[in-house]
Amino acid sequence: MTEASRFTQHALSEWMKGEGPDSDIVISSRIRLARNIREYPFPMLATNGQSKEVAELAAKVLESEELGTISRFTLLPLADLDELQRRVLVEKHLISPALANESRNGAVILSDNESISIMVNEEDHLRIQCLCPGFQIKEAWDLAGQIDDVFETQLEYAFDEKRGYMTSCPTNVGTGIRASVMIHLPALVLTQQINRILSAITQVGLAVRGLYGEGSEALGNLFQISNQITLGQSEEEIIDNLYSVVRQIIEHERAARQRLIHETRPKILDRVSRSYGILSYAAIMDSKEAAQRLSDVRLGIDLGFIKNVSPHVLNELLVMTQPGFLQQTAGEKLTPEERDIRRAQLIREKISAAG
Amino acid sequence: MLCQECGKKQATLHFTKILNGEKTEFHICETCAREKGELIPGTPNGFSIHNLLSGLLDFEPSAHSTVANKAQPSRCEHCGLTYGQFSKVGRFGCSECYKYFGDKLDPLFKRVHGNTVHIGKVPKRSGGLIKYKREIDQLKKDMLIRIENEEFEQAAQIRDQIRELEKKVAEG
Ligand SMILES: [Zn+2]
Ligand SMILES: [Zn+2]
């Protein structure tokens, strides 16, 4: 087994197996810090030699003892990964499409449980990312801060008293922080309150993004909520703001779920059970339908209607049913039609194995 | 909700843009977002919300500042990027660009973040002095409040604290 395949063969990262708080609604919490090294041009303008040096500097930090106390890490140069492996890492949210496709001397540093991923030579020299299961945005910030501190003792960051951490893009300057949570809001969608909520979220300086499949519509009632502002607010203010808004959304979603149970119980039971049945028996399944049906089953589990499927299986299927992972499992390139057949088969196996 | 650009597809990106101090909501679909995102070279597939935000940045200088630009073309001497190129690409070339483009950046940061000055984390190795300076600023504010409230004893204590810190800053 190669170093890379250790991270690409499983769909479910070790950190995803943990039960985070509010995990009936919040799938995961993520912090990303953008950092650059003084003296070196940002990756967009760096020469081949300069970006190579940056990669070497980052690799050297791996040898530091302090980092070793946090986790064991593996450095994967993108040049050593084939196209499919890169795609799988993107589908697991461990690297960005930009790092996979366009970076020069790009690399990723991954912790053993895959909760920490440090991208090298993406848009900035370093992108430190920490992921936690459930609603643990403050915990993710703690962890990212620790990693940041270690890198800071080894490297001289590009930092300015007035502008803070200097980044390639003006939208990241200051704290360089992007805090985001992935959240499942089926009841707010079903009760048609979602538009009002999305509007309210953007009003308080947060951005919301639907999760995509191959098409162009928000899929599976999954949304990613993140901060827009990085300059002029402290990290704590940014995280507190996101935290309190998400906390309120969680309460709205819970209330909407209770209402669904009380007012339309047979209808919601029917919807959830049908999706469960279809996932258990269908022979062809496109990504859009899969996302919607998996969302229904997730809701069914959270409402107590479905008892024999673990939410972990759903998290695993979210990644496993993506094109890159399907093709890696098949060991060959697949047409969209072939993928739909494979996807249905995989879901059947996973769901019935759990049942 | 439907995309406000094409009016056909489902909007999947939701955010606000601050223009002249006024917040405008955006709700657009992936396709329209991608079209806007493509304004930024180097990110054809690596589209993200941040690319989009910077793609929507109104970098067009006002008539007034265009004159100023022509009179004094600004260029980062470290990496060679000109302000004009920066406006087009939406990316800095290096950390020195911040210095060379200087105060020109204030309106841009104001538009994107509503702020121009960082108040968050400071790297420890370069941050000792910055931390003291910030503490001094805060203490000065506290002292004024004490004086206004005629709490002179406490104000004097704070004054002494400020003197200590200023000594540390002077010593480097
Ligand atoms: Zn559109
Ligand atoms: Zn420069």
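**Exercise 1. Sizing up the interface**

Task: Find the area buried between chain B and chain A, and work out which residues of chain B lose the most.

Solution:
- Step 1. Start with the total: about 5200 Å² is buried between chain B and chain A, and carbon and sulfur atoms give 56% of that. Keep in mind that this is a predicted model.
- Step 2. Now look at the chain B side. His113(B), His118(B) and Lys121(B) lose the most area to chain A, and together they make up 14% of what that side buries.
- Step 3. Count the residues that touch: 61 from chain B are in contact with 62 from chain A.

**Exercise 2. What holds hands across the interface?**

Task: Count the salt bridges and the residue pairs in polar contact between the two chains, then say which parts of chain B take part in the touching side.

Solution:
- Step 1. Salt bridges come to seven between chain B and chain A.
- Step 2. Here's one with names: Lys162(A) pairs with Asp103(B), with the closest N and O atoms 4.0 Å apart. The cut-off is within 4 Å, so this pair counts.
- Step 3. For polar contacts, the tally between the chains is 24 residue pairs, both partners being at pLDDT 80 or more.
- Step 4. Next, the elements. Those of chain B that each supply at least two residues to the side touching chain A include the strands β1 (13-19) and β2 (22-28), and the helices α6 (105-113) and α7 (124-148).
- Step 5. The top contributor is α6(B), which gives six residues.
- Step 6. Sort that side of chain B by character and you get 25 nonpolar, 25 polar and eleven charged residues.

**Exercise 3. A lysine in α6**

Task: Is Lys110(B) buried, partly exposed or exposed? And what does Lys110(B) touch?

Solution:
- Step 1. Place the residue: Lys110(B) sits in helix α6 of chain B.
- Step 2. Its relative accessible area is 48%, so Lys110(B) is partly exposed. Exposed would need over 50%.
- Step 3. Leaving out residues up to four places away in sequence, Lys110(B) touches Asn115(B) and Thr116(B).
- Step 4. For a sense of distance, take Glu77(B), 33 residues from Lys110(B) along the chain: their C-alpha atoms are 25 Å apart.

**Exercise 4. Salt bridges inside chain A**

Task: Which residues form salt bridges with Arg127(A), and are the partners buried or exposed?

Solution:
- Step 1. Glu122(A) bridges to Arg127(A), the closest N and O atoms being 3.3 Å apart.
- Step 2. Glu123(A) bridges to Arg127(A) too, at 3.2 Å.
- Step 3. Check accessibility. Arg127(A) has 6% relative accessible area, so it's buried. Glu122(A), at 10%, is buried as well, and so is Glu123(A).

Task: Now try Arg247(A) and Glu251(A): where do they lie, and which network are they part of?

Solution:
- Step 1. Both lie in helix α9 (residues 235-281) of chain A, four residues apart, or about one turn of the helix.
- Step 2. Their side chains meet in a salt bridge of 3.6 Å, N to O.
- Step 3. Arg247(A) is partly exposed at 25%, and Glu251(A) is partly exposed at 41%.
- Step 4. The network of salt bridges links these two with Asp22(A), Asp24(A) and Arg254(A).

**Exercise 5. Whole-structure counts**

Task: How many disulfides and salt bridges turn up over all chains?

Solution:
- Step 1. Disulfides: zero.
- Step 2. Two cysteines to look at are Cys3(B), buried at 2% relative accessibility, and Cys6(B), partly exposed at 31%.
- Step 3. Salt bridges: a search of the whole structure finds 36.

Definitions and conventions: Residues are numbered from 1 along each chain as its sequence is written. Chains are lettered from A and ligands numbered from 1 in the order in which they are written. This is a predicted model: local features need pLDDT of at least 70, side-chain atom pairs count only at pLDDT 80 or more; totals for chains, interfaces and linings use all residues. Side-chain values use heavy atoms; hydrogens and water are left out. Contact means heavy atoms within 4.5 Å. Buried area is the accessible area (1.4 Å probe) that two parts lose on being put together, summed over both. A polar contact is a pair of N or O atoms within 3.5 Å; within protein, one must be able to donate a hydrogen and the other to accept it, and residues adjacent in sequence count only if both atoms are side-chain atoms. Ala, Val, Leu, Ile, Met, Phe, Trp, Tyr, Cys and Pro count as nonpolar, Asp, Glu, Lys and Arg as charged, and the others, Gly among them, as polar. A disulfide is a pair of cysteine sulfur atoms within 2.5 Å. Buried means under 20% relative accessible area, exposed over 50%, partly exposed in between (1.4 Å probe, protein chains only).
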